[in-house]
Amino acid sequence: MAQPVEQSIHRDPALFYWILFPITIVMILTGVLRHYATILLASTPKKQELPALREQRSLLRGINLRNNAHAISPSSFAARKNYMISAYKEGAFLKDPENRGKPAANPMTDPAAMEGMMGMMKGNMAMMVPQTLIMSWINAFFAGYVILKLPFPLTLRFKSMLQSGVATRDLDVRWVSSLSWYFLNLFGLQSVFIFILGNDNAANQMAQQMSQMNPGAGMNMFQPGQDPDKVFQSEAENLEVLEHEYILKGVEERLLSSI
């Protein structure tokens, strides 16, 4: 049986040094500059007032009680459960008890929400402006070039991803165009940025997109425009229907039976 002929392209070796290396170096330098630009544009977080902090931590306390109920005795769980349910229903943890039952305020009038939106806009600007300039630079100078060939076989599903800007049907899928190399660097330099800038860096494209999808994660338990009283009432219902199972119940019998 005849072996398939391996496709080969005669390329100028200078393409490797004048296209592949410049794109990679520019992408790394852009990520480093984006990291420091994000730090400079970031505003100093303001300290939360004690009632607002107490409101958030009280909800987190109820969630932790539900998630770790199996680790405490039934009497301890019952005492905590009764206290949390009573406080939730009475609104003891609310930041503004006088506004209980009233419609939620417009989030656009909340200074903290507006500050968060401004921070997200700054992050978008630091991410989109450099990528737009680099994309224009690559399209102007390097469009249509095939710069390298991968040493392992791939299926045809990867053709559109690896050969962007090269409209050929018969080209082997292992060949990578200059535009596709840009996209591979855009999403594949996370390890390099961690090595240079550390784990907590703002240069990673995917991490920055995820943080923008959920900008309030870890800072605020309540979403803008959400009524804290309704959230407390919902958490009280969750605690009421929770069935407690103590993890150490019958541990002596289980230990003796295993000997």
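Arg-66 is partly exposed in this predicted model, with a relative accessible area of 26%. Its side chain meets that of Glu-235 in a salt bridge, with 2.5 Å from N to O. This pair links distant parts of the chain, since Arg-66 belongs to helix H2 (residues 50–67) and Glu-235 to helix H9 (residues 228–240), 169 residues apart. Glu-235, at 4% relative accessibility, counts as buried.

**Overall build**

- The protein has ten helices and two strands.
- Read from the N terminus, the elements follow the order α-α-α-α-β-α-β-α-α-α-α-α.
- Of the 259 residues in the protein, 30% are buried.
- Among contacts with a separation of 6 or more, 72% are between residues 24 or more positions apart.
- The exposed area of the protein is about 17500 Å², and carbon and sulfur atoms supply 62% of that area.

**Salt bridges**

- The count of salt bridges comes to three.
- Lys-89 forms a salt bridge with Glu-240, and the closest N and O atoms of this pair are 2.5 Å apart.
- Lys-89 lies in helix H3 (residues 74–90) and Glu-240 in helix H9, so this salt bridge ties together parts of the chain that are 151 residues apart in sequence.
- Lys-89 counts as partly exposed, because its relative accessibility is 41%.
- Glu-240 also counts as partly exposed, at 37% relative accessibility.
- Asp-172 and Arg-174 meet through their side chains in a salt bridge of 3.3 Å, N to O.
- Arg-174 has 16% relative accessibility and therefore counts as buried.

**Lys-81, a buried charge without a salt bridge**

- Lys-81 is found in helix H3.
- Lys-81 is buried but has no salt bridge.
- The nearest side chain of opposite charge to Lys-81 is that of Glu-240, 7.7 Å away. A salt bridge needs the side-chain nitrogen within 4 Å of a carboxyl oxygen, so a distance of 7.7 Å does not qualify.
- The side chain of Lys-81 does reach the backbone oxygen of Glu-240, at 3.5 Å.
- With neighbours within four places in sequence left aside, Lys-81 is in contact with Leu-65, Leu-239, Glu-240 and Leu-242.

**Leu-65 in helix H2**

- Leu-65 is found in helix H2.
- Leu-65 is buried, because its relative accessible area is 9%.
- The C-alpha atoms of Leu-65 and Arg-80 are 8.0 Å apart in space, while the two residues are 15 residues apart in sequence.
- Not counting residues up to four places away in sequence, Leu-65 touches Ile-72, Phe-77, Arg-80, Lys-81, Met-84 and Leu-239.

**Helix H1: Leu-15 and the nonpolar patch**

- Leu-15 lies in helix H1.
- Leu-15 counts as buried, because its relative accessibility is 17%.
- In sequence, Leu-15 and Leu-148 are 133 residues apart, and in space their C-alpha atoms are 8.9 Å apart.
- Leu-15 touches Leu-20, Tyr-145 and Val-146, not counting residues up to four places away in sequence.
- Phe-16, Tyr-17, Trp-18, Phe-21, Ile-25 and Leu-29 make a nonpolar surface patch of about 680 Å².
- Phe-21, one of the residues of this patch, has its place in helix H1 (residues 14–41).
- At 37% relative accessibility, Phe-21 counts as partly exposed. Residues of a patch must have over 30% relative accessible area, so Phe-21 at 37% meets that cut-off.

**Ser-177 in strand E2**

- Ser-177 is found in strand E2 (residues 175–177).
- With a relative accessible area of 1%, Ser-177 is buried.
- The side chain of Ser-177 reaches the backbone oxygen of Ser-164 at 2.7 Å.
- Leaving aside neighbours within four places in sequence, Ser-177 is in contact with Tyr-145, Val-146, Ile-147, Leu-162, Gln-163, Ser-164 and Val-166.
- Tyr-145 and Val-146 are among the contacts of Ser-177, and Leu-15 touches them too.

How values were computed. Residues numbered from 1 in each chain as written. Predicted model: local features only at pLDDT ≥ 70, side-chain atom pairs only at ≥ 80, totals over all residues. Heavy atoms only, no water. Patch = residues over 30% accessible without salt bridge, like charges linked within 9 Å, V, L, I, M, F, W, Y side chains within 5 Å. Areas by Shrake-Rupley, 256 points an atom, 1.4 Å probe, with all protein chains shown as cover. Helix = DSSP H or I, 4+ residues; strand = E, 2+ residues; numbered from the N terminus. Buried < 20%, exposed > 50% of the residue type's maximum accessible area, 1.4 Å probe, protein only. Contact = heavy atoms within 4.5 Å. Lys, Arg positive; Asp, Glu negative; His and termini not counted. Polar contact = N/O pair within 3.5 Å; in protein donor to acceptor, adjacent residues only side chain to side chain.
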